[in-house]
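Thank you all for coming; I would like to take a few minutes to walk through one protein chain, with the sequence and the structure on the screen as we go. Please have a look at both before I start.

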Amino acid sequence: MNRDLIREYIAYLRVEKGLAKNSLSAYESDLSKLKAWTDKNGLAIESLTRQDLREWLIDLGRTKLLDNSKRRLVSALRGFYKFLMIDGHIKDNPAENLDLPQKGLYLPKFLNQAEIDLLLAAPDVSTETGLRDRALLELMYACGLRVSEAVDVKMQDIDIDSGILTTTGKGSKTRRVPVGSSAVEWLKSYFALRRKKENIEVQNLFVTSEGKPLNRQVIYELVKNYGEEAGLKDISPHTLRHSFATHLVQNRADIRSVQQMLGHADISTTQIYTHMTDTHLRRSYERFHPRAKADPTENLPE
């Protein structure tokens, strides 16, 4: 279905808009990249949110794209989703007002501590599903996990006694990440529940009520739904990862340690969280410092 929607849009551009062959090829290439990303993350193109599109652009931003190519990407997104909305496939355009970052820097969305607390408290832990989801959210935030890493966590990957998670990320690189005491306590409760169930034949830690591993799409949906319950809009599993890293940097964690915990191959990828923290500090300064916006001419002699 996703591929048909792209083809319908390209046909629309060719017939109704009369775009040149090279332009059509470029737009189709751009949207094919988006489809590859959605397939990898278990998502559907027509269900993406504005935050999802931002995260895709962040991923692309790590490649050496020319500024013209980046502008064309955003243009392709705006046009494609406007077409889907007009054609009745979606109700809202997630690419509306979507802009490229200034100077090539995209500052990903993160939650503050109060918002994290609201999100973590959203699952009803009196139910089996709610307890599982609380343990999942706690672990993802405690360790900065990608959604694919959360899917693949096995029972034996967590050393509860020492509070260490072993996970394998991009490029099949394995890393060890500390697990905070709050996450450990919720994992203990979930472990006790999981071990009582007799219909689980897989080693994956997080499973459905039928004993099957959770997939990316299910985790995306539950994070989004719990976010909405908590009054938090446009959040995704990656929002938890961004929040993990941002909070570490805000509390003066060593950037190399954050890099290691995130599993980044390049330190420059991790340094975006330094920029985020600097931006946060600047906004706070301008909002609260009495002389932040003082008139520089007010004390000049007449």
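Before anything else I need one definition, which is that a crossing counts as left-handed if the near helix is turned anticlockwise from the far one by less than a right angle, and as right-handed if it is turned clockwise. With that in hand, we can say that H5 passes H10 in a left-handed crossing, and I should add at once that what you see is a predicted model.

Staying with that pair, the contact is made by Gln113, Ile116 and Leu119 on the H5 side and by Leu240, Ser243 and His247 on the H10 side. By class, this contact between H5 and H10 has three nonpolar residues, three polar ones and no charged ones. Helix H5, which covers residues 113–120, packs on H10 at an angle of about 140 degrees, with the two axes 11 Å apart, and H5 and H10 are therefore oblique to each other.

For orientation, the secondary structure of the protein comes to 13 helices and three strands, and buried residues make up 44% of its 302 residues. Among contacts between residues at least 6 apart in sequence, 60% join residues at least 24 apart.

Let me come back to H10, which runs over residues 237–250 and contains Leu240. Is Leu240 buried or exposed? Its relative accessibility is 1%, so Leu240 counts as buried. Leaving aside neighbours within four places in sequence, Leu240 is in contact with Ile116, Leu119, Leu137, Met140 and Tyr141. In addition, the C-alpha atoms of Leu240 and Leu139 lie 9.8 Å apart in space, although the two residues are separated by 101 residues in sequence.

Leu139 brings us to the nonpolar interior, where the largest core has 78 residues, and where Tyr81, Leu139 and Leu205 are those with the most contacts inside it. The helix that gives the most to this core is H4, residues 67–86, with eight residues. If we again set aside residues up to four places away in sequence, Leu139 touches a list of residues that includes Val153, Ile158, Leu165, Val179, Leu187, Leu205 and Phe206.

Now to helix H6, residues 128–143, and helix H9, residues 216–229, which pack at an angle of about 95 degrees with their axes 12 Å apart. That value makes H6 roughly perpendicular to H9. The residues that meet are Gly130, Arg132, Asp133, Leu136, Leu137 and Met140 from H6, and Ile219, Leu222, Val223 and Tyr226 from H9. Sorted by class, the contact of H6 with H9 holds seven nonpolar residues, one polar and two charged.

The other partner of H10 that I want to show is helix H11, residues 255–262, and here the packing angle is about 160 degrees, with the axes 10 Å apart. H10 and H11 are therefore roughly antiparallel to each other, and H10 passes H11 in a right-handed crossing. From H10, the residues Arg241, Phe244, Ala245, Leu248 and Val249 meet Ile255, Val258, Met261 and Leu262 from H11. This contact divides into eight nonpolar residues, no polar ones and one charged one.

Arg241 also leads to Arg146, since the C-alpha atoms of these two residues are 6.7 Å apart while 95 residues separate them in sequence. Where does Arg146 sit? Arg146 is found in the loop between H6 and helix H7, the latter being residues 147–152. Arg146 is buried, because its relative accessible area is 8% and the cut-off for buried is under 20%. Not counting residues up to four places away in sequence, Arg146 touches Gly169, Lys170, Arg175, His238, Arg241, Leu262, Gly263 and His264.

Finally, a word on the loops on either side of H10. Most residues other than glycine have a negative phi. Asp234, in the loop between H9 and H10, has a positive phi near 55 degrees, and at 38% relative accessibility Asp234 counts as partly exposed. Arg252, in the loop between H10 and H11, likewise has a positive phi, of about 70 degrees, although it is not a glycine. Arg252 is exposed, with a relative accessible area of 80%.

How values were computed. Residues are numbered from 1 along each chain as its sequence is written. This is a predicted model: local features need pLDDT of at least 70, side-chain atom pairs count only at pLDDT 80 or more; totals for chains, interfaces and linings use all residues. Side-chain values use heavy atoms; hydrogens and water are left out. Helices (H or I, at least four residues) and strands (E, at least two) are DSSP runs, numbered from the N terminus. Buried means under 20% relative accessible area, exposed over 50%, partly exposed in between (1.4 Å probe, protein chains only). Contact means heavy atoms within 4.5 Å. Axes are lines fitted to C-alpha atoms, for helices over the stretch in contact, and angles run from 0 to 180 degrees between N-to-C directions. Angles under 35 degrees count as roughly parallel, over 145 as roughly antiparallel, 65 to 115 as roughly perpendicular and the rest as oblique. Ala, Val, Leu, Ile, Met, Phe, Trp, Tyr, Cys and Pro count as nonpolar, Asp, Glu, Lys and Arg as charged, and the others, Gly among them, as polar. A nonpolar core is a set of buried Ala, Val, Leu, Ile, Met, Phe, Trp, Tyr and Cys residues joined through side-chain atoms within 4.5 Å.
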